[in-house]
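Let's take a walk through a protein model together. Keep the picture open beside the text, and look for each residue as it comes up.

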Amino acid sequence: MKYAHLADLHLGSWREEKMRELSTKSFLQAMNDCIINRVDFILFSGDIFNTSLPPIDTLKLVTEKLREFQIKNIPVYVIAGSHDFSPSGKTMIEVLEKAGLVINVCKGQINPETKELELQFTVDPKTGTKITGILGRRGLLDKTYYENLSRDSLEQEPGYKIFMFHTTVTELVPKHLEMMESQPASFFPKGFNYYAGGHIHHPTIKDIPGMGLMAYPGALFPNNFAEMEQYGNGGYYLITLENSQQTIENSQQTIQWKPIEIKSRLALVLDGDHLSPQQIESELIKESSAKKIDDSIITIRLKGKLNAGKVSEIPFNEIIKQLYARGAYFIMKNTNKLYSEEFREIKVANSNPEVMEEQIIREHAQQIKLFSLERELFLTKSLLSSLNIHRKEGESVADFQKKIETETKRVLNLDG
Ligand SMILES: [Mn+2]
């Protein structure tokens, strides 16, 4: 038996079309790879789509590929992740399930007497594998499902068993994500042959004593600047069991990491300490000159404190133009940690967010003398509060934009 474990596909992610295209391409390549590897079935451990309403073009490609799997009789078992839900709890996965393109294995009911969550197994017809799992919710809201889970019947069930999850497991969290809230593996039912996880975008596999193999394949394609800089590409796990079906639960399983590489990536990091905007430009050009750029994704991260000029004086347009001229596929930059003298360091000791906000606004006030201090404080705060709105489900971008514009005008025109 052979199967693939994918998670955090985030299909439809990236605002830039060029990057979104790569995300979809990664999906198609991974699926084709699964066919070549002759898998019996596939697991998607949540965050299949980046938002509850993915772009139609993405949806078209995904359904077309899933339809191919349906015809080839390779089932795709899924659970929903935190990104798959709209605020009102709707998910595209339900649509795909109604069409018979995926099988949602998060099934069960609350026992009215014990108030416990009783999960059901979905049995894969070809291999007899028993699969169940718990969907993911934003902000660890899925924790209560684990706390109220009826474990006994799950643990006693014979056969080869897979548990799918989309949550942060303490034992699996990588160092750089340690501040994330998590729950220990002991909340999971014991004795499954494989725990197919999602949510943490960092490939991790661990044999947890008393539990079994728990794994996160990470994002199938990096989902933002930081992930692109750190990983360059994503991948999935291919699990192979050597023995025949009858003794499958005792057979040796081999787990292989399968990277999905669409483009190469060049990560440029430059410490701007004691440099001027012009020196930054020449350093970046120098750093990249010996590297492979052609058809690559380039991430540029700048940090430190400039000794002269402003961050806005760095000729990024010129740098980016040069890199594109040398054949780069896509360039992105991050200057969040780059400061100039004029932008003095902010020291805020208070941890109350409102107080902090007030202090930060005051610290930075009057750098441009367009209004009196009082007026500037008032305008800044009014804008902050009136622009703190999100686009509603079903609201068009045009309508939302109009609302923002009207609101901004209203605030700025208060006394003519
Ligand atoms: Mn995710």
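One word will come up a lot, so let's settle it now: a residue is called buried when its relative accessible area is under 20%, and exposed when that value is over 50%. Keep in mind, too, that this is a predicted model.

Start with the overall layout. The domain assignment splits the chain into domain 1 (2-260), domain 2 (263-345) and domain 3 (350-416). Measuring from C-alpha atoms is how the centres are placed, and those of domain 1 and domain 3 are separated by 40 Å.

Now for the rings. Two aromatic rings that pair up are described by how far apart their centres are and by the angle between their planes. Searching the whole structure turns up 15 aromatic pairs. Take Phe41 and Tyr77, for instance: their centres are 5.6 Å apart, the planes make an angle of 75°, and the arrangement is edge-to-face. Phe41 sits in strand S2 (residues 41-45) and Tyr77 in strand S3 (residues 76-79), so this pair links distant parts of the chain, 36 residues apart. Are these two buried or exposed? Both Phe41 and Tyr77 are buried.

Phe163 and Phe188 make another edge-to-face pair, with 5.6 Å from centre to centre and 75° between the planes. Phe163 belongs to strand S9 (residues 161-166), while Phe188 is in the loop between S9 and strand S10 (194-198), so the pair ties together parts that lie 25 residues apart in sequence. Phe163 counts as buried because its relative accessibility is 0%, and Phe188 is buried because its value is 0%. These two rings also have company: ring pairs join Phe121, Tyr146, Phe163, Phe165, Phe188, Phe192, Tyr195 and Tyr216 into a cluster. Look at Phe192 in that cluster, and you'll find Lys161 over the face of its ring, 4.9 Å from the ring centre. Elsewhere, Lys333 lies over the face of Phe316, at 4.6 Å from the ring centre.

Next, find the open sheet of six strands, which follow the order S7-S8-S9-S10-S12-S11 with mixed pairing. Strand S7 (122-123) and strand S11 (204-208) are at the edges, and each has a single partner strand, so one side of each has no neighbour in the sheet. S7 runs antiparallel to strand S8 (residues 130-134), and two bridges join them. If you look at Val123, its bridge partner in S8 is Lys130.

Which residues hold the manganese ion? Asp8 (OD), His10 (NE2), Asp47 (OD) and His201 (NE2) coordinate the ion, at 2.1 to 2.3 Å. Along the sequence, these donor residues follow the spacing D-x1-H-x36-D-x153-H. His10 is in the loop between strand S1 (2-6) and helix H1 (17-36), and Asp47 is in the loop between S2 and helix H2 (56-71), so this pair ties together parts 37 residues apart in sequence. With a relative accessibility of 1%, His10 counts as buried. Asp47 is buried as well, with a relative accessible area of 1%.

Finish at Thr91, in the loop between S3 and helix H3 (92-98). Thr91 is buried because its relative accessible area is 12%, below the 20% cut-off. A polar atom of the Thr91 side chain lies 2.9 Å from the backbone nitrogen of Ile93. The backbone oxygen of Asp84 is 3.4 Å from a polar atom of that Thr91 side chain.

Definitions and conventions. Residues numbered from 1 in each chain as written. Predicted model: local features only at pLDDT ≥ 70, side-chain atom pairs only at ≥ 80, totals over all residues. Heavy atoms only, no water. Phe/Tyr/Trp six-rings, centres within 6.5 Å; stacked < 30°, edge-to-face > 60°. Helix = DSSP H or I, 4+ residues; strand = E, 2+ residues; numbered from the N terminus. Buried < 20%, exposed > 50% of the residue type's maximum accessible area, 1.4 Å probe, protein only. Lys NZ or Arg CZ within 6 Å of the ring centre and 35° of its normal. Domains from an automatic or database assignment. Pairing = 2+ DSSP bridges. Donors = N, O, S within 2.8 Å, 3.2 Å for Na, K, Ca; no water. Polar contact = N/O pair within 3.5 Å; in protein donor to acceptor, adjacent residues only side chain to side chain.
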